[in-house]
Amino acid sequence: MAPVLNMNGASAKSLIDAYVKAIQALDEAATKLAACAPHGRDFQTAKPGAYEQARTQHTERARSIENMRNDLESLALAVQAQQAERGR
């Protein structure tokens, strides 16, 4: 749920800036997570299916970051839309 702009609350700019900073941090986290993706050579002596399980877990982590990023982007856009509506 997006915050509702009002004269007693945070400004649209401060809210959007905070969302953008959080989005940027998640983008950095996604890049760093990609760098530690599982590689088959690290599972050669593991039980059968271990590499596939590690890939699945890694994909779920990446998806979690993507979902958080999308949520924050939606919030920023909702605040921006309120700001535009008030500007009319």
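These legends go with several close-up views of a predicted model.

**View 1. The whole chain: two helices and no strands.**
Before zooming in, here's the overall picture. The secondary structure comes to 2 helices and 0 strands. Helix H1 takes in residues 12–35, and helix H2 covers residues 50–86. How spread out is the protein, set against a compact globule? Its radius of gyration is 19 Å, while the globule rule gives 12 Å for 88 residues; 19 Å is well over that, so the protein is more spread out than a compact globule. The C-alpha trace tells its own story, spanning about 65 × 20 × 20 Å along the principal axes. As for long-range contacts, take those with a separation of 6 or more: 68% of them join residues 24 or more positions apart.

**View 2. The surface and its charges: about 6,600 Å² is exposed.**
Carbon and sulfur atoms supply 54% of that exposed area. Of the 88 residues, 20% count as buried. On the charge side, there are 11 positive and 10 negative side chains. The centres of these two sets lie 2 Å apart.

**View 3. The aromatic pair: Phe43 with Tyr51.**
There is 1 aromatic pair in the structure, and this is it: the rings of Phe43 and Tyr51 sit 5.8 Å apart, centre to centre. Their planes make an angle of 55 degrees, and the pair is classed as tilted. Why tilted rather than edge-to-face? Edge-to-face needs planes over 60 degrees apart and stacked needs them under 30, so an angle between those limits counts as tilted. Neither partner is buried: Phe43 is partly exposed because its relative accessibility is 25%, and Tyr51 is partly exposed at 28%.

**View 4. His58, a buried residue in helix H2.**
Is His58 buried or exposed? With a relative accessibility of 8%, His58 counts as buried; the cut-off for buried is under 20%. Look past the neighbours within four places in sequence and you'll find His58 in contact with Leu33, Ala34, Cys36, Ala37 and Pro38.

**View 5. Ala2, in the segment before H1, meets Leu75 and Ala78.**
Ala2 comes before H1 in the chain, yet it makes contacts with Leu75 and Ala78, leaving aside neighbours within four places in sequence. How far is Ala2 from Ala76, C-alpha to C-alpha? The answer is 8.1 Å, with their positions 74 residues apart along the chain. Ala2 has a relative accessible area of 22%, so it counts as partly exposed.

**View 6. Met1, at 95% relative accessibility.**
Met1 also has its place in the segment before helix H1. It counts as exposed, because its relative accessibility is 95%. Met1 and Gln80 are 79 residues apart in sequence, and their C-alpha atoms are 14 Å apart in space.

**View 7. Ala62 in helix H2, and its distance to Met7.**
Back in helix H2, Ala62 is the residue to find here. Ala62 counts as partly exposed, with a relative accessibility of 33%. Follow the chain from Ala62 to Met7 and the two are 55 residues apart in sequence. In space, C-alpha to C-alpha, Ala62 and Met7 are 38 Å apart.

Definitions and conventions: Residues are numbered from 1 along each chain as its sequence is written. This is a predicted model: local features need pLDDT of at least 70, side-chain atom pairs count only at pLDDT 80 or more; totals for chains, interfaces and linings use all residues. Side-chain values use heavy atoms; hydrogens and water are left out. Rings of Phe, Tyr and Trp (its six-membered ring) pair if their centres lie within 6.5 Å; planes under 30 degrees apart count as stacked, over 60 as edge-to-face and the rest as tilted. Buried means under 20% relative accessible area, exposed over 50%, partly exposed in between (1.4 Å probe, protein chains only). Helices (H or I, at least four residues) and strands (E, at least two) are DSSP runs, numbered from the N terminus. The radius of gyration is taken over C-alpha atoms; the globule rule is 2.2 Å times the number of residues to the power 0.38. Contact means heavy atoms within 4.5 Å. Accessible areas come from the Shrake-Rupley method with a 1.4 Å probe; for residues, only the protein chains shown count as cover. Lys and Arg count as positive and Asp and Glu as negative; His and the chain ends are not counted. The place of a charge is taken as NZ of Lys, CZ of Arg, CG of Asp or CD of Glu.
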